[in-house]
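Colleague: Can you walk me through this one? I would like to start with how you sort residues by accessibility.

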Amino acid sequence: MKKKWYDYLWIVSLIYLILGFFNILFAWLGLLCFFIPLYIAVTKSTKDYCGYYCGRGQLFSLLGGKFGLSRKKDIPDWMKSKAFRYGFLIFFFIMFFVMLFNTYLVFSNAQDLKQVITILWTFKVPWSFAYQGTLLHPGVAQFAFGFYSVMLTSTILGLITMILFKPRSWCVYCPMGTMTQFICKLKNK
Amino acid sequence: MTKIRKNRKAVVNQGDCVACGCCIKVCVLKAIKVEKGLFAKVDEDKCVGCGLCARECPASVIEIKEVE
Ligand code: SF4
Ligand code: SF4
Ligand code: SF4
C-alpha cells in the first residue's frame, strides 16, 4: 500500500518525546494531541484521528510490529471492559486537573516552580537539565513539566502493555480514544 | 442450481470494539473501516478473510468466521 504523509506522524511523536529531554517548553506542543482528536470528533463525529493520524499509535505498532517488541498476546478482558476504560479516563482527568491546579498555584505565586517530571503519578524525577529558564512566567514552565509528565507516563504505560500484549494495546484504554469514541456515541445517537 | 460457497470473512464484535482504527491500515483491500467513530465495519464484498486485521486488533474483537 502506498504510504501517505500521515503515515509518518510517528516521527513527530518520537521527536516530541526526545525534545522533552532538551527543552521542557516543547511539551506545550503536546496539546495538539488533545485538541486535534477532539476537534475531529466534535466537528466530523469520527475517530479519524485514531484511524489515520495518531503518531503515538503508529509508534507503538512500529515498535511492537516491525521491531518485534511485543508478545502479541490478547489483552485481558478486564482491560477492555467499559468500566476500566471509563474508569481510567476519569482517573486520568482527575490527575490532569491536579496538574492544572499546581500550574495555577505557580502562576499565582503561591508555589515555586518544581523542575521535576512525575512518572506514573508517583515517582518524581529531577528534570532541571531540560530547563534553561523562560522569558515568560514560571507557570508556563510548570505546565510544561506537568504536561510532559502526562505524556511520558502514558508512553511508559503504552510501552508496558505493548510488550505484554499487542503492539497498540494502549489504544484500548487510551483516554483520548475513549473520550473521542464517547463523543461520537453522543453525536451519532 | 445454486452452489453453496464457504467463505471466510472478518466479523467484528461491535459491542466491544474500541474504535481505535488499528485494523484500517493493515487491510490491504481496504475492507474494514470505522463507522462514525463507533465501531469497525467489514465490507463483506471486499474482505477475503485473511485475518490481518484480527491479528492487529489490540482488543481482539475480530474473528474470522466461515460464512455462506
Ligand atoms: S486510541 Fe489514543 S493512542 Fe490510539 S490512535 Fe487513538 S488517540 Fe492515538
Ligand atoms: S482494531 Fe479492533 S477494536 Fe480497533 S477499531 Fe478495529 S475492530 Fe475495533
Ligand atoms: S480479514 Fe483481511 S481482507 Fe478481511 S477485513 Fe481483515 S484484513 Fe481486510
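Modeller: Buried means under 20% relative accessible area, exposed means over 50%, and partly exposed is in between. B:Cys50 has 45% relative accessibility, so it counts as partly exposed. Keep in mind that this is a predicted model.

Colleague: And A:Cys174, buried or exposed?

Modeller: A:Cys174 has a relative accessible area of 14%, so it is buried.

Colleague: What surrounds ligand 1?

Modeller: The residues around ligand 1 are A:Tyr49, A:Cys50, A:Cys54, A:Arg56, A:Arg168, A:Trp170, A:Cys171, A:Cys174 and A:Gly177. By class, this shell has 6 nonpolar, 1 polar and 2 charged residues.

Colleague: Which helices supply at least two residues of that shell?

Modeller: In chain A, helix H3 (48-53) and helix H7 (170-173) each do so.

Colleague: Where does ligand 1 sit?

Modeller: In the second largest pocket. That pocket holds about 750 Å³ of space. It is lined by 38 residues, and the closest to its centre are A:Ser13, A:Cys33, A:Tyr49, A:Cys54 and A:Gly55. Elements of chain A that give two or more residues to this lining include helix H2 (32-44), helix H6 (138-164) and helix H8 (175-187).

Colleague: Which element gives the largest share of that lining?

Modeller: H1(A), with 7 residues. By class, the lining of the second largest pocket has 28 nonpolar, 8 polar and 2 charged residues.

Colleague: Now the largest pocket. How much space lies in it?

Modeller: About 1,100 Å³. Its lining has 32 residues, and A:Lys3, A:Asp7, A:Ser61, B:Lys25 and B:Val26 are the closest to the centre.

Colleague: Which elements supply at least two residues each there?

Modeller: From chain A, H3 and helix H4 (55-66) do, and from chain B, helix H1 (22-26), strand E2 (32-35) and helix H2 (52-56). H4(A) gives the most, with 5 residues.

Colleague: How does that lining divide by class?

Modeller: Into 15 nonpolar, 5 polar and 12 charged residues.

Colleague: Next is ligand 2. Where does it sit, and which residues come nearest?

Modeller: Ligand 2 sits in the second largest cavity. There are 13 residues around ligand 2, and B:Cys17, B:Cys20, B:Gly21, B:Cys23 and B:Cys57 come nearest. The classes in this shell are 12 nonpolar, 1 polar and no charged residues.

Colleague: And ligand 3, where is that?

Modeller: Ligand 3 sits in the largest cavity. It is surrounded by 13 residues, of which B:Cys27, B:Cys47, B:Cys50, B:Gly51 and B:Cys53 are the closest. That puts B:Cys50, the partly exposed cysteine from the start, among the closest residues to ligand 3. The shell around ligand 3 divides into 11 nonpolar, 2 polar and no charged residues.

Colleague: Many cysteines in those lists. How many disulfides does the structure hold?

Modeller: The count over all chains is 0 disulfides.

Colleague: Change of topic. Where does B:Arg55 lie?

Modeller: B:Arg55 lies in helix H2 of chain B, an element that also supplies at least two residues of the lining of the largest pocket.

Colleague: Why does B:Arg55 count as exposed?

Modeller: Its relative accessibility is 60%, and exposed means over 50%.

Colleague: How far is B:Arg55 from B:Val12?

Modeller: Their C-alpha atoms are separated by 12 Å, and the two residues are 43 residues apart along the chain.

Colleague: What about backbone angles? Start with A:Trp121, what is its phi?

Modeller: A:Trp121 has a positive phi of about 60°, although it is not a glycine. It lies in the loop between strand E1 (116-119) and strand E2 (123-126) of chain A. With a relative accessible area of 27%, A:Trp121 is partly exposed.

Colleague: And B:Ser60, what is its phi?

Modeller: About 50°, which is positive, and B:Ser60 is not a glycine either. Its place is in the loop between H2 and strand E4 (62-67) of chain B.

Colleague: Why is B:Ser60 partly exposed rather than buried?

Modeller: B:Ser60 has 22% relative accessibility, and buried means under 20%. So B:Ser60 counts as partly exposed.

Conventions: Residues numbered from 1 in each chain as written. Chains lettered and ligands numbered in written order. Predicted model: local features only at pLDDT ≥ 70, side-chain atom pairs only at ≥ 80, totals over all residues. Heavy atoms only, no water. Near = heavy atom within 4 Å. 1 Å grid on protein atoms, 1.4 Å probe; cavity = no way out; pocket = protein on both sides within 12 Å on 5 of 7 lines; lining within 4 Å. Sits in = over half its atoms within 2 Å of the grid points. Helix = DSSP H or I, 4+ residues; strand = E, 2+ residues; numbered from the N terminus. Nonpolar A, V, L, I, M, F, W, Y, C, P; charged D, E, K, R; others polar. Disulfide = S-S within 2.5 Å. Buried < 20%, exposed > 50% of the residue type's maximum accessible area, 1.4 Å probe, protein only. Points joined across faces, edges and corners; volume = space filled by probe spheres on them.
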